[in-house]
Every structure is written in C-alpha cells, then in structure tokens.
Amino acid sequence: INAAGPEVITNSAFGWTDDGQGFILGGETVTATTVQPSLCSANIAKLGLNTGFGVGGSRDEWVSLVDRIYNRVGAEPLQFVFCVALASPLISIAGISGFHGIPVAITGTGGLGKSTVCKVACSAFGHMNSMFVDASKAGNTFNALMTRAGIFRHVPLLFDEVTKRTKEEMTDMLFSLSNGVSKTRITANGQIAGDLQPWDFFSFLTGNDDITALLAAQDRATAGATQMRCFEIPLPSGYCDVLFAGTDVRKLVDTQLQECYGHVGREYIRYVMKHRKQVRDMIFKLRAQFPAQDSDMTRERFYMDTVILALAAGTIAQKLGILRFDLKLLLRWALKHIKTLRVLRKATHNTDEEYVAAMLASLNGRTLVTTTLPETRGGRYTPEAPLEIMRDVVAARNVTKGRRFFLSAKYTNEWARDNGITHMALVDTMDKMGLIKHQAKADKQGIFFFNLAQGSTISSAKSRCFELNYDILVGMDADLTTDATPNVVPMRTA
C-alpha cells in the first residue's frame, strides 16, 4: 500500500495563508525564508494571473526610480498611493472592526498620470500589467470586477477607468469593495452564484469623473454613506506638468520601471511576517493618537483608518529603505485632505430649500399659463388658450389674473425620485416654507383632486394636486433666481 503523499492545496486567492506564515502571489507562496511554487485555481489560470507575478529587474533600481520620480515637494497625493498599496496586506493583520479597506480614487482630466502611479505602486508585488483590471463599462461587468477583487484578496488592485459609470453602479461598487465581499447573487435556480470569496485590501479607482459629486445625485442618506467609502484625490488640471517639469516620467516608466517589480513587496511581506505582533501594536498606537473628537470625525473613521494604515506601511517601508518620502509632510497632507473631502462632500448636498427651488425651476415648459380659471360645471364657458407654448405634459397651472397656482403631486413624486430626495421630505419642506395652501377638501399633505387643464383648450383629467401660495411663489421668483436655478417658477402675472 502506497503511503499518502503531502496534501496538495489549490489556491483560489492571493494574500496571507491561513496560518499567517505564507503570502500567496500568483503561482508562488512567499514564506519567511523561501519562495515555494503553489497551485492556482482555474479562474486564476484563465486570467493569466498564475504567472503574472514573480520578480523582475532589481530591488535597488525600483527604489531609486520611485524616489527619483515621486520624492518631491507637492507629490504627497501620489506618495500616499504608494503607502496605501503597501498597507493592503496590513488590513487583515490589524483586524479593525468593520474595516475591510476602501477604494482610493485618483480623478481628474486625462494626462495626469493617474493610472501610472497606481500601477507603479502596485508593482511592489508583481508586474504592473497584472495589477489592474479595465473597469470601464465596455471592459468588464460588475460581477467580473468583484471576482477579480476576491482573487486579489489582500493584494492591492487598480480598477482602471471607472469614467461614465452611473451613480447606481458606483454605489454598488463602493459598498461591495468596502464591505469586503460582493453582493450576493442568485442564479435562476435559486442557488448562490460564485464562491463569494471575501477580501481585505486597498483598491484604487481612476477616472475623469468627480466621484463625490456623482454620488451626491442620490437621496442624502445614501449619498453621505457612499461618499465616505471612497477616499477621492482629485488632481487639478496641469498638476503633473508643473510637478514633473524637466522629468520624462513616461519614458522612465516605460523603459525602466516597468520591468522592475516584485522585489520590494516580498521584502516588505517578510518583515511583516516576522514582526506581526509589533506591526499590529504600532497600528493601534497610531489609532490611539487620532481619536474621533466630533461627529464629522466619527463619520470619517474609514478615512482615518486608511491614513493610519498607510502611515504604518510607510514607516515600515522607510525602515527597510524601500520608500524615502517625508512621512511628516505626508501625514500633514492626508489630515488636511480629509478636511478638504469634508468640505467637498457638504458642497454637493443641496439644502431642502434648494431642492424645492430646483423642482419649481423644472416646471418651465410644463406649466399651463392662463389669465383665468373658468368654472366648467355649468357648461357655459369659453375655453382659454395657453399664454405660453407647452413643451411637455401639464405638470402645473398658473392662473395669472386670479393669482392661483396648482401643482401635480404625481410630478413632484417623480421629480423627487429622479433627484435623490424622498417625496415626503420635499413636501414637508414646501409646507415649512408656507408654499402649500391647505384647502378644506385636501388631505393632511394638502393634496386634493383637481383638473390642471380646467377651462382651457388642453384636454386633461383630474389628478392629485397641491395649490401653492401665489405670493410666496412670486417672491421666490424674484429672490431665488440664480445661475443654478434660472426662473425658479414661470410666474407670469396679470
């Protein structure tokens, strides 16, 4: 009888082994003293990731080139990317409750080196061409992107070019990436699709769109919660032209740095492996230095944990001579940037009154304007033609001589849904502003049945409507008209 051989384990994801004594990179497992070949799953092999890691060039050349290109005053946003990439394996070691890493998004116009810096930072662990996935709508489906996230597990990954993704797609992506597992997907026969491989890693997003502003076009609760799950770094136009004046970054990356990879990541992993407890203690000592002192800081806990882990990784990298950045300057920039993100977030959130003004502004071309409101029940009246051309279905009625204004409740409900605010919040704000006239026949919200086209040459049926306070509307038209909300409501008066 033949004796049983050693157990053969097929790896379905990269990162720490269960015992913490190994770190899987592609088809190899890095230990404290050796590099051992390992079997990869079919998914990994199909994506060509079983051979996409390894090492190339020299360790010292990678260190020298990164220092030459990125170690300069004003490059702190890019230096932060390197520290975050190295921090990715620290997330599971830290074990911070509820924190699985959040995406760091580098956004701005083309030609800013957004993708390049992320790829170079990730090349600490493998060839830069293996460290990113096309995240454009034409590139990969959401499920394919989450499968890639599950494979990388503890290794940093770039989701390149998320430009033109919808707010719904971005919300799903950010919630999944920050929750450490993809949304559960059910097949047609009721089974769970895929193996739902979890992850604890930092990822990077690049694109031209302002992600913070994109996410703001939802209800305020969802927008606020989602924006906190993305550490966005918007780069201004011309940033790299000024920063890298006299340095041909593209040439250095394409001809030299691209072929230097993998060495520093292995050195870094081995240090963390040997000093696991000390590294974890350092992380929690750093956390203790930055307690949440107000509600804003409490909400920004994901930001602070990202900065703290990046600082811990930078400290280790500096000790090993891998990075030579000024960590004090980098920390100062990061803390200031959290405050900048706070300002940017708040600037994207409309006040309740601004939502009402925007809704009323949208009535241009949808408001039936007449001088009178003929009584039609007796059957003797002359239908009145609109004073202004209608460009859409009737959503409101402006009676100029009688100074009355009616608004479709169906329209306000649809507008609220499309603009990320609840209908109840919109109506409550209108009521607090004194806009809603509560008639005896109306319900508690001020809604009653009315034919918006009554006595006009336009055909319409009764629907649920509000009557609004005409004097307040006229005041809004005069006081609230801005470049953002032109002609708050078409208040042609008699």
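Colleague: Let's start with T116. Which residues does T116 touch, leaving out those up to four places away in sequence?
Modeller: T116 touches Y70 and V253. Keep in mind that this is a predicted model. The residue lies in helix α5, which spans residues 114-122.

Colleague: And how far is T116 from D254, in sequence and in space?
Modeller: They are 138 residues apart along the chain, yet 9.9 Å apart in space, C-alpha to C-alpha.

Colleague: Why is T116 called partly exposed?
Modeller: Its relative accessible area is 30%. Buried would need under 20% and exposed over 50%, so a value in between counts as partly exposed. T116 therefore gets the middle label.

Colleague: On to the cysteines. How do you know that C122 is in no disulfide?
Modeller: A search of the whole structure turns up 0 disulfides. For C122, the nearest cysteine sulfur belongs to C118 and is 6.7 Å away. A disulfide needs the two sulfurs within 2.5 Å, so that pair doesn't qualify.

Colleague: What makes C122 and C465 buried or exposed?
Modeller: C122 has 1% relative accessibility, and C465 has 0%. The limit for buried is under 20%, so C122 is buried and C465 is buried too.

Colleague: Next, the backbone. What makes the phi of K164 worth a look?
Modeller: Most residues other than glycine have a negative phi. K164 is not a glycine, yet its phi is positive, about 75 degrees. You'll find K164 in the loop between β9 (157-160) and α7 (167-179). At 61% relative accessibility, over the 50% cut-off, K164 counts as exposed.

Colleague: What about R403, and where does R403 lie?
Modeller: R403 is in the loop between β13 (396-399) and β14 (404-408). R403 is not a glycine either, and its phi is positive at about 55 degrees. Its relative accessible area is 39%, so R403 is partly exposed.

Colleague: Now helix packing. Why is α6 called roughly parallel to α7?
Modeller: The axes of α6 (residues 142-152) and α7 cross at roughly 20 degrees and come within 11 Å. Angles under 35 degrees count as roughly parallel, so α6 and α7 get that label. The contact involves F142, L145, M146 and A149 of α6, with D172, M173, S176 and L177 on the α7 side. The crossing of α6 past α7 is right-handed.

Colleague: And what makes α3 roughly perpendicular to α15?
Modeller: Helix α3 (residues 76-87) packs on helix α15 (residues 301-320) at an angle of about 90 degrees, with the axes 8 Å apart. The perpendicular range is 65 to 115 degrees, so that pair fits. Among the contact residues are F80 and C83 of α3, plus A310 and G314 of α15.

Colleague: Last topic, the sheet. What is the strand order of the open sheet of 4 strands?
Modeller: The order is β2-β3-β4-β5, with antiparallel pairing.

Colleague: Why are β2 and β5 the edge strands?
Modeller: β2 (15-16) and β5 (35-37) each pair on one side only.

Colleague: How do you know that β2 pairs with strand β3?
Modeller: Pairing takes at least two bridges. β2 and β3 (residues 23-25) are joined by 2 bridges, so they make the cut, and they run antiparallel. One bridge partner in β3 is I24, matched with G15.

Colleague: Which helix lies across β2, β3, β4 and β5?
Modeller: That's α12 (residues 263-274), running at about 50 degrees to β4 (28-30).

Definitions and conventions. Residues are numbered from 1 along each chain as its sequence is written. This is a predicted model: local features need pLDDT of at least 70, side-chain atom pairs count only at pLDDT 80 or more; totals for chains, interfaces and linings use all residues. Side-chain values use heavy atoms; hydrogens and water are left out. Contact means heavy atoms within 4.5 Å. Axes are lines fitted to C-alpha atoms, for helices over the stretch in contact, and angles run from 0 to 180 degrees between N-to-C directions. Buried means under 20% relative accessible area, exposed over 50%, partly exposed in between (1.4 Å probe, protein chains only). Angles under 35 degrees count as roughly parallel, over 145 as roughly antiparallel, 65 to 115 as roughly perpendicular and the rest as oblique. A crossing is left-handed if the near helix is turned anticlockwise from the far one by less than a right angle, and right-handed if clockwise.
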